[in-house]
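Colleague: I'd like a close look at one part of this model, namely the disulfides. Once that's settled, please take me through the surroundings, and keep it friendly for a beginner.

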Amino acid sequence: MADVSRARGDLTGHPDVTEMRERYARMMDARDVVFLDGPVLLAGLYFAISPWVVHFSGTNPNLMVNNLILGITVALLGLGLTTAPRRMYSLCWAMSAIGIWMIISPWVVARGADAGVIANNVVVGAITCLFGLIAAGMVMRKGRET
């Protein structure tokens, strides 16, 4: 059995300590909007299940499919913000465009949606668009700093 009782927390003698510190600094540098990834994921998941929450899955099947696909897409963007933030912040403009489509989709896709459906899509679409604009602002600010 191997002796692992040596000092575990001391990495000063590790041959790759400088590379590990640089990688950690790059990773933490990319996490400047930590509060954004979780809410984006939750907004996407809610939008995906909203046809069943607001009860329009049977009356507006086209809008149900639209909300399901867009919700899954936004949730995947939120998951991507968690796993690869530096790459995914470049897709923040797409998230804003998806948010705008969420807002106008009850009139384009459903044709005659009731007030609950419209309010659901407008609120979640505005939140998604706002999250996309916040991420875009952070990317633009980060680009000016470097």
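Modeller: The disulfide count comes to 0, going by the rule that a disulfide is a pair of cysteine sulfur atoms within 2.5 Å. In general, a disulfide is a covalent bond between the sulfur atoms of two cysteines. Where do cysteine 92 and cysteine 129 sit, buried or exposed? Cysteine 92 is buried, because its relative accessible area is just 2%, and cysteine 129 is buried too, at 15%. The labels work like this: under 20% relative accessible area is buried, over 50% is exposed, and anything in between is partly exposed (1.4 Å probe, protein chains only).

Before we go on, here are the ground rules. This is a predicted model, where local features need a pLDDT of at least 70 and side-chain atom pairs count only at pLDDT 80 or more, while totals for chains, interfaces and linings use all residues. Residues are numbered from 1 along each chain as its sequence is written, and side-chain values use heavy atoms, with hydrogens and water left out. The pLDDT is the predictor's confidence in each residue, from 0 to 100; here the protein averages 84, and 82% of the residues score at least 70.

Now zoom out a bit. The protein has 6 helices and 0 strands, where helices (H or I, at least four residues) and strands (E, at least two) are DSSP runs numbered from the N terminus. Of these elements, α1 (residues 17–30) has the lowest mean pLDDT, 71, and α5 has the highest, 95. Buried residues make up 35% of the 146 residues.

UniProt has something to say here as well: its unreviewed entry lists residues 33–53, 65–84, 91–110 and 122–140 under "transmembrane region". UniProt positions use the numbering followed here, the feature names are shortened, and annotations may be inferred rather than shown by experiment. In the model, residues 65–84 are 95% helix and 0% strand, with their end C-alpha atoms 28 Å apart. Residues 91–110 also come out at 95% helix and 0% strand, with 27 Å between the end C-alpha atoms.

Helix α3 makes a nice worked example. Its 23 residues (61–83) reach 33 Å from first C-alpha to last, close to the expected 33 Å; that expected span is 1.5 Å times one less than the number of residues. Plenty of α3 is buried, including Asn67, Leu70, Val74, Leu77 and Leu81. An α-helix has 3.6 residues a turn, so residues three or four places apart point the same way.

Keep Asn67 in mind, because we meet it again at asparagine 120, which is buried at 7% relative accessible area. Asparagine 120 belongs to helix α6 (residues 115–145). Leaving out neighbours within four places in sequence, its contacts are Tyr46, Phe47, Ser50, Val54, Phe56 and Asn67, a contact being heavy atoms within 4.5 Å. Its side chain also makes a 2.7 Å polar contact with that of tyrosine 46. A polar contact is a pair of N or O atoms within 3.5 Å; within protein, one must be able to donate a hydrogen and the other to accept it, and residues adjacent in sequence count only if both atoms are side-chain atoms.

Further along α6 comes isoleucine 134, which is partly exposed at 29%. Isoleucine 134 touches Phe35 and Leu36, not counting residues up to four places away in sequence.

The loops deserve a look as well. Asparagine 60, in the loop between α2 and α3, is buried at 12%, and touches Ala110, Ala113 and Val117, again not counting residues up to four places away. Histidine 55 lies in the loop between α2 (34–53) and α3, but this one is exposed at 66%, with phi near 65 degrees, a positive value in a residue other than glycine. Arginine 111, in the loop between α5 (92–110) and α6, is exposed at 68% and has a positive phi near 55 degrees. Arginine 111 and asparagine 60 are 51 residues apart in sequence, with 9.0 Å between their C-alpha atoms.
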